There are 2 protein chains.
Amino acid sequence: MRNFDEHNITDEVVAKVGQGDNPRVRQISQSLVRHLHDFIRDVEPSFEEWEAAIRFLTETGAMCSDTRQEFILLSDTLGASMLVDAINHRLAGNATETTVLGPFYVDNPPALELGSDISGDHEGTPMLVRGSVASSTGEPLAGAVVDTWHSDDEGYYDVQHYDQGGGVSLRARFRTDADGRFRFWSIVPKYYPIPDDGPVGRMLRQQGRHPYRPAHVHFMIGAPGHEKLVTHVFVAGDEYIDSDVVFGVKDSLIRELSHHPAGTAPDGRTLESDYAILDYDFVLSPKPA
Amino acid sequence: MRNFDEHNITDEVVAKVGQGDNPRVRQISQSLVRHLHDFIRDVEPSFEEWEAAIRFLTETGAMCSDTRQEFILLSDTLGASMLVDAINHRLAGNATETTVLGPFYVDNPPALELGSDISGDHEGTPMLVRGSVASSTGEPLAGAVVDTWHSDDEGYYDVQHYDQGGGVSLRARFRTDADGRFRFWSIVPKYYPIPDDGPVGRMLRQQGRHPYRPAHVHFMIGAPGHEKLVTHVFVAGDEYIDSDVVFGVKDSLIRELSHHPAGTAPDGRTLESDYAILDYDFVLSPKPA
């Protein structure tokens, strides 16, 4: 075939990308072509605009490194990540709601004892995080793997400081006790801007958007026979709770911090300053039989 | 806003990306979100599939360098480049038809005298390329800038050999003479695969496609008061003329090579081997007043 014009090219490309053996590759390729071409027909980009699009993607790629995932930021800020999340959690039942993974998860975080303090040398208000993990059928899940990570009180994750010699902090892996419970100490997180010194930051500014996410603590929780849970707990009252740049907030994931004066905390630790407690009880969906 | 699900998230993201001052940025951003979300709703990617999509884009970015533009290859092989080309050339009239720029153009190629041989030390069948540049109103365009580039007879462009110490060859800039004519010597090009050792090559294999483009010579031609022309001349009879991997072939851009025995060529050069002649007369559109 030759002599393609704006009217006949799409059908030809759809036919061409559908020649592989794998039906799912065929379906995704053909849908991608149809929607990409519809987008182009809709906005009718000039050459300069299409070159700018190519340049944007190229710069987004150039921004990616072991500690920076600009394409995840792009997916997150265009609402794509939360849409994929929603589509994959239609039958959550009474399980804890999910939200985006984000770009800052690190595989195999340090495994620590329950009650450990993960704040490293970061300053901030001490925070005791307590919770439980249960199946949606009600039993506590002992030995569940609880990965947690969050930003420091200036809004940076540890990985963002690796290139300045920073080590691992504000992230860890715990295992729930015999009652399915876990606890650890950290510092109260704060709202923060997603990394906005790259193409995605430029896009946000051109779209008239702020780059902020309300304060939250990430959790990824796994237990045998259950769906892996990827979620956050958001701190109630944050000024960005209603305008999360990645569209990730759900009411069921918001919790009030309780605030306490210096003294002995419920786990026996003595605090010389005011501290806070964050409680959340997680529920995992059993895997389909 | 919070508590987004697959039904209400798109309207919210469309509203958020439309807050900037520039109406074109607003239009493109909002259309992108609607089509991206429609694509996701259509194929309902699993998390693993969405991660694979992020990884594909990341690897495509990592493949890009000063001499490799994997995102242009992606745009070309998905038919997007030809669609953008078609949309931007609706009113071509009798002007020469256009086709994709491709990823191998280099700004400011070496300016050479008419009649120069650009083949460098490449082996192949000598080819005299002759042509003219005229306005669609009929006048010859003297002093028009004619950039040309093509692959060697193994299918590689010079830029693909830069990292092995290769220099500039098979590309040059000419200026038409007082009659709007140009001529140069090179070698007969051959069909070739687009660079397929990266993510786009993997995509093509999964889609059951070959990576070949039929033999062609690129031209980018500019003259004052006229639209810049970006096109190729394709060699008639190529085995891939009906299955160009980037959908770029148009009948009006195909020419038969004339073949000649060793001897004196029309420009006075003495050839010790058989040679070919490629003729093409280009017509540029005047710019709108």
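# Two chains around an axis

Gly61(A) is the residue of chain A that gets closest to the rotation axis, its C-alpha sitting at 2.0 Å. This is a predicted model, and the axis in question belongs to a 180° turn, with 0.0 Å of shift along it, that puts chain A onto chain B at an RMSD of 0.0 Å. The two copies are thus related as by a two-fold rotation axis. Both copies use the same surface, too: 100% of chain A's contact residues turn up again in chain B.

**Where the chains meet**

- On each side the count is 63: that many residues of chain A are in contact with 63 residues of chain B.
- Helices to look at on the chain A side are α1 (9-16), α2 (23-43), α3 (47-63), α4 (70-77) and α5 (80-87), each of which gives two or more residues to the side that touches chain B.
- α2(A) chips in the largest share of that side, with 15 residues.
- By residue type, the side of chain A that touches chain B splits into 31 nonpolar, 19 polar and 13 charged residues.

**The open sheet**

- Chain A has an open sheet of 5 strands, and reading across it you get β3-β2-β7-β8-β9, with mixed pairing.
- The edges are taken by β3 (171-175) and β9 (254-255) of chain A; each has a single partner strand, so one side of each is left without a neighbour in the sheet.
- Strand β2 (residues 145-149) of chain A runs antiparallel to β3(A), and 5 bridges join the two.
- For a handy landmark in that pairing, take Asp147(A), whose bridge partner in β3(A) is Arg173(A).
- As a general reminder, strands of a sheet pair through backbone hydrogen bonds, either parallel or antiparallel.

**Strand β1 and its partners**

- Strand β1 (residues 126-135) of chain A has 7 of its 10 residues buried, so the rest of the structure largely encloses it.
- One of its partners is strand β4 (residues 181-187) of chain A, which runs antiparallel to β1(A) and is joined to it by 7 bridges.
- Within that pair, Met127(A) has Ser186(A) of β4(A) as its bridge partner.
- β1(A) also pairs with strand β13 (residues 275-284) of chain A, this time in the parallel sense and over 9 bridges.
- Here Arg130(A) is the residue to find, with Asp279(A) as its bridge partner in β13(A).

Notes
Residues numbered from 1 in each chain as written. Chains lettered and ligands numbered in written order. Predicted model: local features only at pLDDT ≥ 70, side-chain atom pairs only at ≥ 80, totals over all residues. Least-squares fit on C-alpha atoms with pLDDT ≥ 70 in both. Contact = placed C-beta atoms within 7 Å. Pairing = 2+ DSSP bridges. Helix = DSSP H or I, 4+ residues; strand = E, 2+ residues; numbered from the N terminus. Buried ≥ 20, exposed ≤ 12 C-beta atoms within 10 Å, placed from the backbone. Nonpolar A, V, L, I, M, F, W, Y, C, P; charged D, E, K, R; others polar.
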